Amino acid sequence: MLNPGDIIGILGGGQLGRMMALAAAKLGLKTHIYCPDPNSPAFDVTPYKTMADYEDEEALQAFAQAVSVVTYEFENIPAPAVDFLKARLPVLPNDNVLKVSQDRLSEKAFFNSIGIKTAGFAPVDSQDDLQKAVETLGLPALLKTRRFGYDGKGQKFLKTPQDLINAFEEIGNQPAILEAFVPFEREISVIAARNQQGQVVSYDIAENVHKDQILKTTTIPANIDEAIAAKARQIGESVATELDYIGVLAIELFLLPDGFDNRLVANEMAPRVHNSGHWTEAACLISQFEQHIRAVAGWPLGNTERHSDCVMTNLIGDDIKERPQLLENKQGAYHSYGKAETRDGRKMGHFTQLSPRSRP
Ligand SMILES: Nc1ncnc2c1ncn2[C@@H]1O[C@H](COP(=O)(O)OP(=O)(O)O)[C@@H](O)[C@H]1O
Ligand SMILES: [Mg+2]
């Protein structure tokens, strides 16, 4: 259990690390951000920082000595860095969680092993494997790299047999997975949290719309039945419990149209705070960031209830130029990540528009 003033180490210095650091500060805890990138947005808001590679054992050693516990804002931390740190102090969530979620194949196998449905899938390690996998799973399908994918990167949508030609090469000749296309009605996500005492909570289910495979909006409440919402929350909470998880996690789900037997299909899991949970900052008493900090600090979890309905819109690239109008909006909260350089497709900030809570 951390005490006020104790230091939480955070691996990764993007906007998620930045928002975790802000939440920690609000709770009277301090953060130490570790990130190789000198322009990390999180460096602006943390009292302690290390700018070093994840392979730099000297820097990792000093970091381990300076903090009480380590957490992270991204799942692709090199395994040796995690091994090095966990031999010295707690790394939360645990490293098994990272092993499961760093690889789309182990992630899907894990979901299936605890009775959660996924798209049909097959490992693909060559163009030959791909042909065979398509024979079994059919088209359309998605070819995805097993590791390091985000915002649709490392993926190829296969619609016709012609699309298969060179597809394995096009995603970089690396270990991959073929996924059957899921004809979803909508995309939703659940944000759950579990603490060291085993207390588990989840937030209201969010409905997500992607544009160019990047999250564009999250709407709460999702336009789904109560029973589906309850089932989705249960999926989040059971995954947290199964993994002996400490912190906040997100699971992206596909909702199949009415008429399908099992309408919820897990897409992927993020062992961290998640973009589809940014709305909690403006529409809940306790945000996902604060919840994560509470969990890794060994503190009790907070209330996840929403006080308002809302739509969170990502400000991507030039969207951030809408700042003057957004600041005039009296029902919304503008949040900028303070990134110096605006680039196409880069998440620059978000805006959460509130409205009175409509239903339970
Ligand atoms: N098997 C699938 N069937 C249908 N749509 C998919 C499938 N996999 C991914 N997508 C679409 O692509 C988006 C990004 O894919 P995802 O696996 O979540 O990768 P990322 O790591 O880039 O978020 C999803 O949110 C969904 O809209
Ligand atoms: Mg995704």
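**Exercise 1. Overall composition**

How many helices and strands does the secondary structure of the protein come to?

*Solution.* The model is a predicted one. Its secondary structure comprises 11 helices and 17 strands. For the overall dimensions, consider next the radius of gyration, which is 20 Å. The globule rule gives 21 Å for 360 residues, and the two values are close, so the protein is as compact as a globular protein of that length. Along the principal axes, the C-alpha atoms occupy a box of roughly 60 × 50 × 40 Å.

**Exercise 2. The parallel sheet**

Determine the strand order of the open sheet with parallel pairing, and identify its edge strands.

*Solution.* Step one is the order: the 4 strands of this open sheet are arranged as S3-S2-S1-S4, and they pair in parallel. Step two concerns the edges, where strand S3 (48-50) and strand S4 (69-72) each pair on one side only. Step three is the twist: on average, neighbouring strands are turned by 25 degrees against each other, direction ignored.

A single pair may then be examined. Strand S1 (residues 7-11) runs parallel to S4, and 4 bridges join them. Within this pairing, Ile8 has Val69 in S4 as its bridge partner. Finally, helix H1 (residues 15-26) lies across S1 and strand S2 (30-34), and runs at about 165 degrees to S2.

**Exercise 3. The antiparallel sheet**

Describe the open sheet with the order S5-S8-S6-S7, together with the helix that packs on it.

*Solution.* This sheet has 4 strands, and its pairing is antiparallel. Its edge strands are strand S5 (121-124) and strand S7 (155-158), each of which pairs on one side only. Neighbouring strands are turned by 20 degrees against each other on average, direction ignored.

The pair of S5 and strand S8 (residues 176-180) is antiparallel and extends over 4 bridges. Here Val124 has Ala176 in S8 as its bridge partner. Helix H6 (residues 127-137) packs on the sheet, where it touches S5, strand S6 (141-145) and S8. The direction of H6 makes about 170 degrees with that of S5.

**Exercise 4. The surroundings of ligand 1**

Which residues are the closest to ligand 1, and why does the ligand lie between domain 2 and domain 3?

*Solution.* Of the 15 residues that surround ligand 1, the closest are Ala119, Gly149, Glu179, Phe181 and Val182. Sorted by class, the shell contains 5 nonpolar, 5 polar and 5 charged residues. Domain 2 (120-180) and domain 3 (186-356) both contribute residues to this shell; therefore ligand 1 lies between them.

Note on methods
Residues are numbered from 1 along each chain as its sequence is written. Chains are lettered from A and ligands numbered from 1 in the order in which they are written. This is a predicted model: local features need pLDDT of at least 70, side-chain atom pairs count only at pLDDT 80 or more; totals for chains, interfaces and linings use all residues. Two strands pair if DSSP finds at least two bridges between them. Helices (H or I, at least four residues) and strands (E, at least two) are DSSP runs, numbered from the N terminus. Axes are lines fitted to C-alpha atoms, for helices over the stretch in contact, and angles run from 0 to 180 degrees between N-to-C directions. Two residues are in contact if their C-beta atoms, placed from the backbone, lie within 7 Å. A residue is near a molecule or strand if its C-beta atom, placed from the backbone, lies within 6 Å of it. Ala, Val, Leu, Ile, Met, Phe, Trp, Tyr, Cys and Pro count as nonpolar, Asp, Glu, Lys and Arg as charged, and the others, Gly among them, as polar. Domain bounds come from an automatic or database domain assignment. The radius of gyration is taken over C-alpha atoms; the globule rule is 2.2 Å times the number of residues to the power 0.38.
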